[in-house]
Amino acid sequence: MDRAPAIEPSAYALMAVLVIASGMVAAACGYEGGYSCFNHFVSELGNHHKTSAAWAYNTGLVIGGLLIALVVAGLERVSFPALTLLLGASGGTVLLGFVPESSILVMHFVLAALTFVFVGGGVILLGIQVWRDDTWPNRLWLISVSLLTVGIAICFLFAPKDKLVSLLNGNAVERPGHWKLAELEWCFVACIAIWTLTLASTSPSCPSQSSTTDRQDR
């Protein structure tokens, strides 16, 4: 009797991206005064005091983070340090859903920073591993996305943060039409989504790829 086909990692990754993106759109639509990715930070979508649909964004982070954890846990041939950092990043995403910006701001900021570090570290370590592994499917595409993600992360780290510090301290901050720091954060989030989808679709653990190999062997 044939077993039911397993769900591919790419399916979990796509569901994760769609769930998180849907929560973002819902929270942005309910944002008081209007939301713009050009001068608002991602975490502001989870602030209950700023948007009536913050619950959608926060719930999306919890569900999406769990789905990403399933993708990461199903990967093969990934080094233990890279796997640990990526699982830490997915866990941080889940925790951010429970500790939004409108709760304990300091704790939220620490969680966000740790998640940022885990993501960056995991992308770097896995990128190095893929670079050394000639047998990894579509390795050049995954490496390209990894380099772009790390590059944006570096730009975000070294970008001026004076206004962000004032905002975190509760001071009134005049938002420019284009706030580079917020734009870089959104670019980083977009790159992570693309990277996750790419990783899930090119990983050697994908059932579709293994089944194709089995058919060829036969």
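Trainee: Let's start with threonine 51. Is this residue buried or exposed?

Mentor: Threonine 51 is buried, with a relative accessible area of 2%. Buried means under 20% relative accessible area, so a value of 2% fits the label. One thing to keep in mind as we go: this is a predicted model.

Trainee: Okay. Where along the chain does threonine 51 lie?

Mentor: You'll find threonine 51 in the loop between helix 1 and helix 2.

Trainee: And which backbone oxygen does its side chain reach at 3.4 Å?

Mentor: That's the backbone oxygen of glycine 30. There's another partner too: a polar atom of the threonine 51 side chain lies 2.7 Å from the backbone oxygen of alanine 27. If you skip the neighbours within four places in sequence, threonine 51 is in contact with Ala27, Gly30, Tyr31, Glu44 and Leu45.

Trainee: Glu44 caught my eye. Which residues does glutamate 44 form salt bridges with?

Mentor: One partner is lysine 50, where the closest N and O atoms are 3.1 Å apart. Another is arginine 175, at 2.5 Å from N to O. Arginine 175 sits in the loop between helix 6 (162-168) and helix 7, while glutamate 44 is in the loop between helix 1 and helix 2, so this pair ties together parts that are 131 residues apart in sequence.

Trainee: How do those residues compare in burial? Which of them count as buried, and which as partly exposed?

Mentor: Glutamate 44 counts as buried, at 0% relative accessibility. Lysine 50 comes out as partly exposed at 24%, and arginine 175 is partly exposed with 25%.

Trainee: Which residues are linked with glutamate 44 in a network of salt bridges?

Mentor: The network links Glu44, Lys50, Glu101 and Arg175. In total, the structure holds six salt bridges. One of the six joins aspartate 134 and arginine 139, with the closest N and O atoms 3.7 Å apart. There, aspartate 134 is exposed, with a relative accessible area of 63%, whereas arginine 139 counts as buried at 17%.

Trainee: Glu101 has come up now. Which side chain makes a polar contact with the side chain of glutamate 101 at 2.8 Å?

Mentor: Asparagine 47 does that. Like threonine 51, asparagine 47 is placed in the loop between helix 1 (9-29) and helix 2 (54-73). Asparagine 47 counts as buried, at 7% relative accessibility. Beyond its sequence neighbours within four places, asparagine 47 is in contact with Ala54, Glu101 and Ser102.

Trainee: Let's move on to rings. What describes a pair of aromatic rings?

Mentor: You describe such a pair by the distance of the centres and the angle of the planes. In this structure, a search finds five aromatic pairs. One of them, tyrosine 31 with tyrosine 35, is edge-to-face, with 5.2 Å centre to centre and 70° between the planes. Both tyrosine 31 and tyrosine 35 are buried.

Trainee: What about phenylalanine 116 and phenylalanine 188: how are their rings arranged?

Mentor: Their centres are 4.8 Å apart and their planes are at 35°, so the pair is tilted. Phenylalanine 116 lies in helix 4 and phenylalanine 188 in helix 7 (residues 180-202), so the pair ties together parts that are 72 residues apart in sequence. Phenylalanine 116 counts as buried at 17% relative accessibility, and phenylalanine 188 does as well, at 9%.

Trainee: Which residue joins Tyr31 and Tyr35 in one aromatic cluster?

Mentor: Trp186 completes that cluster.

Trainee: Now the backbone. Which sign does phi have in most residues other than glycine?

Mentor: It's negative in most of them. Arginine 77 goes the other way, with a positive phi near 60°. Arginine 77 is in the loop between helix 2 and helix 3 (80-98). Asparagine 138 also has a positive phi, about 50°, and lies in the loop between helix 4 and helix 5 (139-158).

Trainee: Last topic, the surface. Which residues form a nonpolar patch there?

Mentor: Ile104, Val106, Met107, Val110 and Leu114 do, with about 460 Å² of accessible area together. Methionine 107, one of this group, lies in helix 4 (residues 105-132) and counts as partly exposed at 41% relative accessibility.

Trainee: And zooming out, how many helices and strands does the protein have?

Mentor: Eight helices and zero strands. Buried residues make up 43% of the 218 residues.

Note on methods: Residues are numbered from 1 along each chain as its sequence is written. This is a predicted model: local features need pLDDT of at least 70, side-chain atom pairs count only at pLDDT 80 or more; totals for chains, interfaces and linings use all residues. Side-chain values use heavy atoms; hydrogens and water are left out. Patches are made of residues with over 30% relative accessible area and no salt bridge: like charges are joined within 9 Å, nonpolar side chains (Val, Leu, Ile, Met, Phe, Trp, Tyr) within 5 Å. Accessible areas come from the Shrake-Rupley method with a 1.4 Å probe; for residues, only the protein chains shown count as cover. A salt bridge is a side-chain nitrogen of Lys or Arg within 4 Å of a carboxyl oxygen of Asp or Glu. Helices (H or I, at least four residues) and strands (E, at least two) are DSSP runs, numbered from the N terminus. Buried means under 20% relative accessible area, exposed over 50%, partly exposed in between (1.4 Å probe, protein chains only). A polar contact is a pair of N or O atoms within 3.5 Å; within protein, one must be able to donate a hydrogen and the other to accept it, and residues adjacent in sequence count only if both atoms are side-chain atoms. Contact means heavy atoms within 4.5 Å. Rings of Phe, Tyr and Trp (its six-membered ring) pair if their centres lie within 6.5 Å; planes under 30 degrees apart count as stacked, over 60 as edge-to-face and the rest as tilted.
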